[in-house]
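Biologist: I'd like to go through this one slowly, asking how each label was earned. Can you put the structure up for us?

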Amino acid sequence: METGFTLSNTIAAILTIGIISFLWKDNPLYKLCESLFVGVSAGYWFVSLYYQNLLPKLFDTLGLTQLFTSADIEPGAIQILINEGRVDNSFLYLIAGILGALMLTRLIPNLGWISRWPLAFIVGTTSGLYFTTYFQSNAMAQLRSTILPLDSIGNVVIVIGTVCGLVYFYFSKEHKGVMGGAARVGVWFLMITFGASFGYTVMSRMSLLIGRFDFIFSTWLGLTG
Amino acid sequence: MRRQVPLAITFIVGWTLIIAVFIPHPPFGQLGENFTTYFDIIAVFAFILGGGNLIRVHGNKVYKKRQDWPYSIVTILGFVVVLIAGLFKIGNPDGLSGDLTQPGSLFQDLYTYIFAPLQATMFSLLAFFVASASYRAFRAKNKEATVLLVAAFIILLGRTPIGGYLTFWLPESLSFFHIPNLAYWIMTIPNLAGQRAILIGISLGVIAMSLRLILGIERSYLGGEGERS
């Protein structure tokens, strides 16, 4: 990023001040910046997803990019069919394209129900993948890491904290007696975790704020070294 | 038809991916990766839907001149300008074949001078709200709130130079209580235990919810809040 009182830096600075001005009260400059942020971020993610997913994974794989442009890339399914006379597996990506296109039927009132099909595919894929990955990498891996030799205070604290924390999340039995005591200890561990996360969140937000002030006073106004 | 087909798709896709884990041979071995790619492609269309909806909602607001409608023009303009600049790679030194984020392209400039400052400032604003929330939360009303307060305070101090300055005078035998050391211990021992309990709890929840979705017990994603018709 260039430094100094340039047009682009001034725009960035005005937008920064506009958002910060919300601390004073809701005002037209903040609303303008907020509206701009909504539009620009939607556009940014749209373009990013197009170039990261749709273009390479669908259009390039099927060969549509090569069909309509002179792009120098690997031949797609259409080129393989034309040149080699065989149906490539890449044609299966057409199913994803069709399912994706069906998603747009939500915009047509009478056909909106068809958009449930791609949604069902997404839900099924997420469920199927998460079922195994969460079981393997989170539940089992975390349990395995918690089975520790009780030869140090640290290990004892980790085992007690994890078990008691899990007892707190076990709602099928009333938290009374031993269960109640363990759940109470679990709450303390969870509170430490929330406190640590809170501390980290504050730190990260503060560093962002410092970054913005640094931009205004150093990069834009050039007041500091 | 309207409910049975999506339920069948979820059931077949979900079970196929679960079974595929146990059969590491073609075509099952590649299924997870392929389905994730399909997922990515469909997600882009969902984003197209979202973009269309954004234009529709704000377009309606402008057309009917509802309250604060001029701001909707800004939203639409921002969306359209970034879209055109990005899709057509305007100002890109290498044209359409060049990298999207190449220096000098309009899309990259819009990112650097508009999107990044807005996003960073919007998130940094949360620092003030967090400070305000912490003022309320940090009033130690009970033992649990006190534990949260103490942990957060130690972490905050331990990650800044002031934490080190406050306790630098402690003798070697009490180095455990040196604030940066204490912060490190909290992060690696009790915080780890709490995180593990939460992670295991979340995993069990995700597994149960995945099963409910695959078996068609949970149907709220179809609309109608879990109707069984």
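Biologist: Why is A:Lys31 called partly exposed?

Modeller: One thing up front: this is a predicted model. A:Lys31 has 24% relative accessibility. Buried means under 20% and exposed means over 50%, so with 24% A:Lys31 counts as partly exposed.

Biologist: What makes A:Lys31 and B:Asp68 a salt bridge?

Modeller: Look at the closest N and O atoms of the pair, which are 3.5 Å apart. The cut-off is within 4 Å, between a Lys or Arg nitrogen and an Asp or Glu carboxyl oxygen. We have a Lys and an Asp at 3.5 Å, so the pair passes.

Biologist: And how do you know that the pair joins two chains?

Modeller: B:Asp68 lies in the loop between helix H2 (28–63) and helix H3 (69–87) of chain B, while A:Lys31 is in helix H2 (residues 28–62) of chain A, so the pair joins two chains.

Biologist: Which other salt bridges can we check against that cut-off?

Modeller: The structure holds six over all chains. One of them is A:Glu84 with A:Arg86, where the closest N and O atoms are 2.9 Å apart. Another is A:Glu174 with A:Lys176, at 3.6 Å from N to O. Both values fit within 4 Å, so both pairs get the name.

Biologist: Are A:Glu84 and A:Arg86 buried or exposed?

Modeller: A:Glu84 has a relative accessible area of 52%, so it is exposed, over the 50% line. A:Arg86, with 39%, is partly exposed. For A:Glu174 the value is 55%, which makes it exposed, and A:Lys176 is exposed with 55% too.

Biologist: Back to B:Asp68. What is noted about its phi?

Modeller: Phi of B:Asp68 is near 60°, a positive value in a residue other than glycine. Most residues other than glycine have a negative phi, so a positive one gets noted. B:Lys65 is listed for that as well, with phi near 50°. B:Lys65 is found in the loop between H2 and H3 of chain B, and B:Asp68 has its place in that loop too.

Biologist: How exposed are B:Lys65 and B:Asp68?

Modeller: B:Lys65 has 56% relative accessibility, so it counts as exposed. B:Asp68 has 29% and counts as partly exposed.

Biologist: Let's go inside. What makes up the largest nonpolar core?

Modeller: It has 28 residues, and those with the most contacts inside it are A:Leu58, A:Phe121, B:Phe35, B:Ile41 and B:Tyr221. H2, helix H5 (93–103) and helix H6 (116–146) of chain A, plus helix H1 (4–22) and H2 of chain B, each supply at least two of its residues. The largest share, eight residues, comes from H2(B).

Biologist: Which residues does A:Leu58 touch?

Modeller: Leaving out residues up to four places away in sequence, A:Leu58 touches A:Asn53, A:Tyr93, A:Gly97, B:Ile41 and B:Phe45. Apart from this core lies another, of 27 residues, including A:Phe37 and B:Leu118.

Biologist: How do helix H8 of chain A and helix H5 of chain B cross?

Modeller: The axes of H8 (residues 177–220) of chain A and H5 (residues 143–158) of chain B come within 7 Å and cross at roughly 35°. The crossing of H8(A) and H5(B) is right-handed. The residues of their contact divide into 16 nonpolar, two polar and three charged.

Conventions. Residues numbered from 1 in each chain as written. Chains lettered and ligands numbered in written order. Predicted model: local features only at pLDDT ≥ 70, side-chain atom pairs only at ≥ 80, totals over all residues. Heavy atoms only, no water. Salt bridge = Lys/Arg side-chain N within 4 Å of Asp/Glu carboxyl O. Helix = DSSP H or I, 4+ residues; strand = E, 2+ residues; numbered from the N terminus. Buried < 20%, exposed > 50% of the residue type's maximum accessible area, 1.4 Å probe, protein only. Core = buried A, V, L, I, M, F, W, Y, C linked by side-chain atoms within 4.5 Å. Contact = heavy atoms within 4.5 Å. Axes fitted to C-alpha atoms, helices over the stretch in contact; angles between N-to-C directions. Left-handed = near helix turned anticlockwise from the far one by under 90°. Nonpolar A, V, L, I, M, F, W, Y, C, P; charged D, E, K, R; others polar.
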